[in-house]
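Colleague: I should like a close look at one salt bridge and its surroundings in this model. Please set out where its partners lie, and then relate that part to the rest of the structure.

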Amino acid sequence: MGKLVALVLLGVGLSLVGEMFLAFRERVNASREVEPVEPENCHLIEELESGSEDIDILPSGLAFISSGLKYPGMPNFAPDEPGKIFLMDLNEQNPRAQALEISGGFDKELFNPHGISIFIDKGKTYNTVYLYVVNHPHMKSTVEIFKFEEQQRSLVYLKTIKHELLKSVNDIVVLGPEQFYATRDHYFTNSLLSFFEMILDLRWTYVLFYSPREVKVVAKGFCSANGITVSADQKYVYVADVAAKNIHIMEKHDNWDLTQLKVIQLGTLVDNLTVDPATGDILAGCHPNPMKLLNYNPEDPPGSEVLRIQNVLSEKPRVSTVYANNGSVLQGTSVASVYHGKILIGTVFHKTLYCEL
């Protein structure tokens, strides 16, 4: 009798899990396809073949690119190679990507870079550029701080930041010396539990603020807090909730707390966010069919999508498609960043596209 009860309970449990999985597929538009939207003047960057998960561009046009991310459940075309930071000068007529040398005793073999953010320390005589990188050595989460040496085209390792709240960190935006917001994309660090976390729509992830004096959660209730960036005037913080398919517009307070002003629904899975410095528009790298990422098939690859959100603070923001492809050119877009009419479109594990708009 006991075995029969156990079998019945197992059957009921599996049935419930199956129903929740089907609901999850519907919630994330698992089978969605995109109509192509492709600018005419585009080409792939030859040097970037193993992803370009995040991109940040200096006002001078130098673009930093994180490459080689090894992320649970995602494809990786160079599993035995450590990650790298690449640099591109978008002022060049035919810009190429160059891997930056890293000095200062940093363990490059364990480098697994994810989200990145630039901080410019404006001195009296010259500006110093620092690059903050979310790193996953041994699948843990740290934040690495590097100083950029422009003449040598290199990075100098300065410091590693660790904290108990810095778990499953996805992205980062730096607003001051060792002062940043970071997103936690999963509550559980176990891959199987993380999968069930998303199926059950638990919404236990958050945004935290870090400084040497204070570390705290400043916004919570996200299904999977992902990309994060800040408005040009630094009054507002924008957070992508990838599984919920939306962007949260948050007001930043003097004590670094965040208050939600509105949520913009996009109908596609939103990854990293950047801001167009010329217009203030948000650019979002998106995943139109996420199940193709989780079950990668080169014969039926995941597509790519880039959206532009204008008039972010208005009652009716305008959403338009900048780029869309079914995977024949670009797979798994995670970010798009613009500079003077040029756009770099990066991916989690695939190639990188450069276009003149």
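Modeller: In this predicted model, D281 and R308 form a salt bridge whose closest N and O atoms are 2.9 Å apart. D281 belongs to the loop between β19 and β20, and R308 to strand β21 (residues 304–310), so the pair ties together parts that are 27 residues apart in sequence. Both partners are buried: D281 has a relative accessible area of 7%, and R308 one of 14%. Elsewhere, salt bridges with shared partners join E33, K292 and D300 into one network.

The strands just named belong to an open sheet of four strands, in the order β19-β20-β21-β22 and with antiparallel pairing. The edges are held by β19 (269–275) and β22 (318–325), each with a single partner strand, so one side of each is left without a neighbour in the sheet. On average, neighbouring strands of this sheet are turned by 25° against each other, direction ignored. Between β19 and β20 (residues 282–287), which run antiparallel, there are five bridges. Within this pair, T274 stands opposite L283 of β20.

The salt bridge may be set beside others. A search of the whole structure finds eleven salt bridges. One of them joins the side chains of E178 and K159, at 2.9 Å from N to O. E178 is in the loop between β11 (169–176) and β12 (179–184), while K159 is in strand β10, so this pair ties together parts that are 19 residues apart in sequence. E178 is buried, with a relative accessible area of 19%, which falls under the 20% limit for that class. K159, with a relative accessible area of 34%, is partly exposed.

A further salt bridge brings together the side chains of D257 and K216, again described by an N to O distance of 2.9 Å. This pair links distant parts of the chain, 41 residues apart: D257 is in the loop between β17 (246–252) and β18 (258–265), and K216 is in strand β14 (residues 215–222). D257 counts as partly exposed at 27% relative accessibility, whereas K216 is buried, with a relative accessible area of 16%.

Another open sheet of four strands has the order β2-β3-β4-β5, also with antiparallel pairing. Here β2 (54–57) and β5 (98–99) stand at the edges with a single partner strand each, so one side of each is left without a neighbour in the sheet. Six bridges join the antiparallel strands β3 and β4. S66 lies in β3 and stands opposite I85 in β4. S66 counts as buried, because its relative accessibility is 0%. Leaving aside residues up to four places away in sequence, S66 touches several residues, including G51, D54, K84, I85 and H114.

I85 also leads to the nonpolar interior. The largest nonpolar core has 18 residues, and those with the most contacts inside it are F64, I85, L131, F146, F148 and L155. At least two residues of this core come from each of β3 (62–67), β4 (84–89), β7 (113–122), β8 (127–135), β9 (142–149) and β10 (154–161). The largest share, three residues, is supplied by β8. Among the residues that F148 touches, not counting those up to four places away in sequence, are L62, F64, L87, V129 and L155. In soluble globular proteins, nonpolar side chains tend to be buried together.

Strand β24 (residues 342–347) offers another view of burial. Six of its six residues are buried, so β24 is largely enclosed by the rest of the structure. K342, L344 and G346 point one way from this strand, and I343, I345 and T347 the other way. β24 pairs with β23 (residues 333–339) in the antiparallel sense over six bridges, and G346 in β24 is the bridge partner of V335. β23 and β24 form a hairpin with two residues between them, and H340 in the turn has a positive phi of about 50°. β24 is also joined to the antiparallel strand β25 (residues 353–356) by four bridges, with I345 opposite L353. The hairpin of β24 and β25 has five residues between its strands.

Helix α2 (residues 191–199) completes the account. Its buried residues are S194, E197, M198 and I199. N190 caps the N-terminal end of α2, with a side-chain oxygen 2.9 Å from the backbone nitrogen of L192. Just after α2, D201 takes a positive phi of about 55°.

Methods:
Residues are numbered from 1 along each chain as its sequence is written. This is a predicted model: local features need pLDDT of at least 70, side-chain atom pairs count only at pLDDT 80 or more; totals for chains, interfaces and linings use all residues. Side-chain values use heavy atoms; hydrogens and water are left out. Two strands pair if DSSP finds at least two bridges between them. Axes are lines fitted to C-alpha atoms, for helices over the stretch in contact, and angles run from 0 to 180 degrees between N-to-C directions. Buried means under 20% relative accessible area, exposed over 50%, partly exposed in between (1.4 Å probe, protein chains only). A polar contact is a pair of N or O atoms within 3.5 Å; within protein, one must be able to donate a hydrogen and the other to accept it, and residues adjacent in sequence count only if both atoms are side-chain atoms. A nonpolar core is a set of buried Ala, Val, Leu, Ile, Met, Phe, Trp, Tyr and Cys residues joined through side-chain atoms within 4.5 Å. Contact means heavy atoms within 4.5 Å. A salt bridge is a side-chain nitrogen of Lys or Arg within 4 Å of a carboxyl oxygen of Asp or Glu.
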